[in-house]
Amino acid sequence: MATAKSPWWKSAVIYQIYPRSFQDSNGDGIGDLQGITSRLDYLADLGIDAIWLSPVYRSPQDDNGYDISDYCDIDPMFGTLADMDTLIGEARKRNIRIIMDLVLNHSSDEHPWFLEAKKSRDNPFHDYYVWRDGNEDVPPNDMKACFGGSAWTWVPDVQQYYFHQFSVKQPDLNWDNPKVREEIYKIINFWIERGVGGFRLDVIDQIAKEPDLKITNNGPMLHAYIREMNRHTFGGTDLVTVGEAWGANVDNAKIYSDPSGREFSMVFQFEHIGLDQIPGKEKWDLEPLDWMELKKVLSKWQTGLHGCGWNSLFWNNHDLPRIVSRWGDDGKYRVESAKMFATLLHGMQGTPYIYQGEELGMTNAPYDISDYRDIETLHIYRDRLAEGYAEEDVMRSIHAKGRDNARTPMQWDGSKNAGFTVGEPWLKVNPNYLQINAAGECNTADSVFAYYKALIALRKKYPIFAEGDYQLLMGDDPDVFAYKRTWKEQTLYVICNFHAKKLNEVIPEEYRKGTLLISNYAEQGSSLKPYEARIYLEQRN
Ligand code: TEU
Ligand code: CA
């Protein structure tokens with residue numbers, strides 16, 4: 001419910017589209033803007049308020065568009081600026097806003113700025129990037145790039161290294177240069193004028209890096225730069241802004257998402273996402289999820305930001321494996337577990353994000369190494385084999401965590417290539433599309449899709465979902481994740497069994513005396529069936 005005090009995005013649900021995998025319109029096997037426009041009715045039916053569009057700017061596609069060579073144009077692979085205007089306009093007709101994904105920490109090495117910058121040290125664009133002296137054999141330090149190798153790459157023409165936190169084709173921009181910041185503000189204002197509804201800011205906590213001190217995220221100038229950007233661009237508008245921050249904690253998230261509006265609407269942080277890896281190691285170093293930790297971490301963020309910040313709620317995005325495969329059951333209890341995770345998340349305070357296909361209960365991809373396309377996966381495969389890891393261990397990690405799990409084409413129907421393309425898809429369609437697809441789910445009352453639609457409708461109907469406070473219930477119970485939300489004369493009880501076993505313990509009657517708003521089972525007993533989830537609303541007086 002949008003009031004002066006409560007901006008629209010506090011009761012909104014945001015749907016993320018990974019454009020190359022959503023809908024192809026011209027048979028080249030790659031999703032595009034016209035494809036997205038053709039599917040807007042599906043999204044309107046689901047009931048979402050905004051689309052976060054992963055990057056569609058001009059790009060050599062080294063990292064699927066997270067390497068931008070022109071921030072103010074659309075890559076021909078996705079369409080044209082006119083197609084973008086059409087998408088924005090058609091979405092607006094359905095009350096859907098378009099959120100652009102801004103990748104401002106780095107550009108492509110094929111961006112004209114970098115092409116100039118690497119020509120000579122006195123080129124006016126040289127200082128747009130981060131350079132250090134050294135000699136060809138000895139990089140300035142031992143920092144590593146996210147997608148393999150050193151974070152420093154030597155350029156003979158200038159006899160210097162440039163810094164890149166991601167791939168060698170993603171040189172870091174130098175935010176300490178005021179001209180760079182000015183250029184960035186122009187880009188943001190260009191998109192604001194085109195009518196977008198907001199921005200997702202890629203790895204925003206890494207812009208103020210200090211490579212000499214080996215600082216990547218949370219650099220000393222970070223919040224000063226964000227505030228300056230805010231003042232010169234979206235500050236004071238009703239745009240939604242979400243900063244991606246792997247280095248966020250509750251304390252700095254309060255700064256990012258302070259209701260005064262000096263920085264962002266909310267922060268997208270990953271503390272819960274890291275709970276199934278060996279602490280201090282990489283995501284590939286697998287460890288079973290500790291459910292008690294998950295309860296603790298999610299609860300800490302719920303209470304930590306209540307009234308003084310705002311949470312993004314998500315299980316999935318284009319970098320993460322599918323939640324049903326990851327922590328649920330993508331076999332026998334696929335539908336039940338998909339709905340349970342949805343309930344757990346959509347009952348919380350914050351803005352829920354749905355990643356394309358999540359609303360269908362799409363699963364991880366059963367691929368061979370030759371099927372993968374993601375730069376990160378290809379690097380880790382090569383690097384770990386070189387380091388002596390066993391191939392089957394590396395493949396186990398890739399199956400569990402590889403980013404292409406989330407990037408397989410959207411499963412629209414049971415026709416060839418799941419209705420995604422009439423051509424050859426850029427990434428193989430998951431063979432389970434005959435069982436899992438939108439056409440099969442849209443008109444089926446007990447589908448995962450219908451369930452997501454119902455959850456979204458509940459958030460619209462009852463302000464308590466956006467406004468209520470949070471209290472963990474049954475905190476010591478190893479199987480049940482239950483919490484209550486309180487607002488005015490109402491209390492919501494959200495009760496979930498996150499395991500495949502039927503539970504014996506009785507759920508206190510007090511929690512289930514209200515009206516049942518939603519459940520993934522037709523009948524409710526005094527205990528919980530496998531992956532059972534329920535939400536009750538109690539109305540006092
Ligand atoms: O992701 C940031 C990021 O740190 C991830 O690459 C993460 O490290 C990885 O997926 C998990 O191991 C953002 C984008 O979401 C991602 O797609 C880009 O590749 C990355 O930035 C660089 O722009
Ligand atoms: Ca296409």
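Along the chain, the donors of the calcium ion (ligand 2) follow the spacing D-x1-N-x1-D-x1-I-x1-D, in what is a predicted model. The residues that coordinate this ion are D24 (OD), N26 (OD1), D28 (OD), I30 (O) and D32 (OD), at 2.3 to 2.4 Å. Two of these donors differ in their surroundings: N26 counts as exposed because its relative accessibility is 52%, where exposed means over 50%, whereas D32, with a relative accessible area of 3%, is buried.

Turning to the aromatic residues, the structure holds 39 aromatic pairs. Among them is the pair of F268 and Y353, whose ring centres lie 5.0 Å apart and whose planes stand at 85°, so the pair is edge-to-face. This contact links distant parts of the chain, since F268 belongs to strand β11 (residues 266–268) and Y353 to strand β13 (residues 351–355), 85 residues apart. F268 is buried at 2% relative accessibility, and Y353 is likewise buried, with a relative accessible area of 2%.

A further edge-to-face pair is formed by W315 and W327, with ring centres 6.1 Å apart and planes at 85°. W315 lies in the loop between β12 (312–313) and α9 (323–326), while W327 lies in the loop between α9 and α10 (334–346), 12 residues apart. W315 counts as buried at 0% relative accessibility, as does W327 at 6%. Both tryptophans belong to one aromatic cluster, together with W291, F341, Y470, F481, Y483 and F498.

Arginine side chains also meet aromatic rings: R20 lies over the face of W426, at 4.4 Å from the ring centre, and R39 lies over the face of W412, at 3.8 Å from the ring centre.

Key
Residues numbered from 1 in each chain as written. Chains lettered and ligands numbered in written order. Predicted model: local features only at pLDDT ≥ 70, side-chain atom pairs only at ≥ 80, totals over all residues. Heavy atoms only, no water. Donors = N, O, S within 2.8 Å, 3.2 Å for Na, K, Ca; no water. Buried < 20%, exposed > 50% of the residue type's maximum accessible area, 1.4 Å probe, protein only. Phe/Tyr/Trp six-rings, centres within 6.5 Å; stacked < 30°, edge-to-face > 60°. Helix = DSSP H or I, 4+ residues; strand = E, 2+ residues; numbered from the N terminus. Lys NZ or Arg CZ within 6 Å of the ring centre and 35° of its normal.
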